[in-house]
Amino acid sequence: MLQLMINDQAIALSQQAADTMLLNFLREQRSLVGTKEGCASGDCGACTVVMVSANNQGTLRYQQINSCITPLHSLHGKQIITVEYLKQGQQLHPVQQAVVDKHGSQCGFCTPGFVMSLYALSRQKQQPEHPEDYLAGNLCRCTGYGPLIEAAQQVATAPATNDHIQQNEDTVKHWMGKCEPLDSVNYWQPNNRQELAEIRQQHPDAKWIGGGTDLALEVTQLHQRIPKIIDLTALPELCKIERLDGGWRIGAAVPLSDVHAFMQQHYPTTDEIFARLGSITIRHRATLGGSLGNASPIGDIAPLLISLNGKIELDDGHSTELYAPEDYITGYRETRLKSEQWISAIHLPDLDPDIQHQIYKVSKRYEDDIATVVLAVALKYDSNKLVSHCVISAGGVAAKSVRLTELENCLLGETFTPQKLKQLQALVPQFIKPIDDVRASAAYRVMLVQNLLKRFYLYCHQLPTRLAAHA
């Protein structure tokens, strides 16, 4: 039985297809048509709703998600708030009133999605430094965004309000506590390794899912059916970040929004790349395991992990294996993952304070866009100012994310001088063979790698000056 709460109504469902998306359920089966379909791919935000779940402290967490690419069964035991629930009688909710006050709605099609993102913003315990970040997953063709950004600032700075949704929290918590584990015919949510291995053995044709932000597109964009799904998000070891000796283990099903917060603290040079991994709405659902399972040659995660000497943990319920990302990905969307295995975690060593590390992403649109080229570099000098450690990795330049060992060898044991930079740049066309596609020509991608290497050179040689300025 699938149990979820839509606004203030708890419902139990027994006959829903495994690939039913939340948006279709809301509009077609619940007549909640305030939630719109714009792109059906998680890009425009017209379908945004707020997902409410209980955290480890027993308090409720409010996060906006894209209902168009969220499988209904993945929301078992959670509450979904739609735009219809905000208004009480003739009284607008304060976030709706803020949009009205700032003249933030014109044609109105995107407005419900913006309102729900603003509602999620209003429910944060600690308001973000940049409230407009909560709107990054919402697109509008009318307002020019200025009024909506002003509305976000008004919501973020407004005094806390005890609305009817907050007043109902005890009821929601009580209902969540009574929910039994998901029991569905073709959608499984196992809570231990052995159970997962058994289900996989019985249903080798089932698809794995974490957040589903890529997998759901097979349904919404390609109009295919996914009759069987195995959901990895109920396994405790896949949903937590653990301290290990000399490093960290990040569960493969930890949402990217939580991974981002962790990386900001422990690997600060990765902040920009995580902030640009889709929108915050996408990051509330997307996972590291999903990105690595998809193995896209223009994915951002694999080049990052290569540069940090990360490892990918594979599990089959009996034993685990660790692979470097460059060895795990074997070709275009091909990996070493066997049919009975799943990605269980990512291992990262502690960041050496003496390593200079940067990762650069070039895309047509700064936020919420797929990369043209990603380049990550980690470099360390010895006491003689010679390069003693070097990792250069890239995405968007081959059929898979690659480690450019030939370029690394050009620097190892050498001084990183302007002459050495030119030599390094001259070698680039020999060792990367990108393709022409809709995002860029092969020649442009080669030039990007060359220019990003120069950017890293300038970063390294300006670093002492920057450090001295902040001393």
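Helices (H or I, at least four residues) and strands (E, at least two) are DSSP runs, numbered from the N terminus. The model is predicted: local features need pLDDT of at least 70, side-chain atom pairs count only at pLDDT 80 or more, and totals for chains, interfaces and linings use all residues. Residues are numbered from 1 along each chain as its sequence is written, and side-chain values use heavy atoms, with hydrogens and water left out.

**Exercise 1. Helix 1 and what follows**

Task: Find which residues of helix 1 are buried, what covers them, and which residue with positive phi follows the helix.

Solution.
Step 1. Helix 1 spans residues 22–29. Buried means under 20% relative accessible area, exposed over 50%, partly exposed in between (1.4 Å probe, protein chains only). Leu22, Leu23, Phe25 and Leu26 are buried in this helix.
Step 2. The cover over these buried residues includes strand 1, strand 2, strand 3 (48–54), strand 4 (60–66) and strand 5 (79–81).
Step 3. Ser31 follows helix 1, and its phi is positive, near 55 degrees.

**Exercise 2. Two loop residues with positive phi**

Task: Place Asn7 and Lys385 in their loops, then decide whether Asn7 is buried or exposed and whether Lys385 is buried or exposed.

Solution.
Step 1. Asn7 sits in the loop between strand 1 (2–6) and strand 2 (9–13). Its phi is near 60 degrees, positive although the residue is not glycine.
Step 2. Asn7 has 7% relative accessibility, so it counts as buried.
Step 3. Lys385 sits in the loop between strand 17 (373–381) and strand 18 (387–395). Its phi is near 65 degrees, again positive in a residue other than glycine.
Step 4. Lys385 has 58% relative accessibility, so it counts as exposed.

**Exercise 3. The packing of helix 3 and helix 4**

Task: Describe how helix 3 and helix 4 cross, and list the residues that meet.

Solution.
Step 1. Two packed helices are described by the angle between their axes and the distance between the axes. Axes are lines fitted to C-alpha atoms, for helices over the stretch in contact, and angles run from 0 to 180 degrees between N-to-C directions.
Step 2. The axes of helix 3 (residues 111–122) and helix 4 (residues 146–157) come within 9 Å and cross at roughly 25 degrees.
Step 3. Helix 3 and helix 4 are therefore roughly parallel (angles under 35 degrees; over 145 is roughly antiparallel, 65 to 115 roughly perpendicular, the rest oblique).
Step 4. Contact means heavy atoms within 4.5 Å. Helix 3 contributes Phe114, Leu118, Leu121 and Ser122, which meet Leu148, Ala151, Ala152, Val155 and Ala156 of helix 4.
Step 5. The residues of this contact divide into 8 nonpolar, 1 polar and no charged. Ala, Val, Leu, Ile, Met, Phe, Trp, Tyr, Cys and Pro count as nonpolar, Asp, Glu, Lys and Arg as charged, and the others, Gly among them, as polar.

**Exercise 4. The sheet of 4 strands**

Task: Give the strand order of the open sheet of 4 strands, then examine strand 16.

Solution.
Step 1. Two strands pair if DSSP finds at least two bridges between them. The order is 16-17-18-19, with antiparallel pairing.
Step 2. Strand 16 (356–362) and strand 19 (402–403) are the edges, each pairing on one side only.
Step 3. Strand 16 pairs with strand 17 over 7 bridges, and Gln356 has Leu379 as its bridge partner in strand 17.
Step 4. Strand 17 is joined to strand 18 by 8 bridges. Val374 has Gly395 as its partner in strand 18.
Step 5. In strand 16, 7 of the 7 residues are buried, so the strand is largely enclosed by the rest of the structure.
Step 6. In a regular strand the side chains alternate between the two faces of the sheet. Gln356, Gln358, Tyr360 and Val362 point one way from strand 16; His357, Ile359 and Lys361 point the other way.

**Exercise 5. The sheet of 5 strands**

Task: State the order of the open sheet of 5 strands, and say which strands helix 9 lies across.

Solution.
Step 1. The order is 9-10-15-11-12, with antiparallel pairing. The edges are strand 9 (241–244) and strand 12 (320–323).
Step 2. Strand 10 (residues 247–251) pairs with strand 15 (residues 342–349) over 5 bridges. Ile250 has Ile346 as its partner in strand 15.
Step 3. Helix 9 (residues 256–266) lies across strand 9, strand 10 and strand 15, at about 170 degrees to strand 10.
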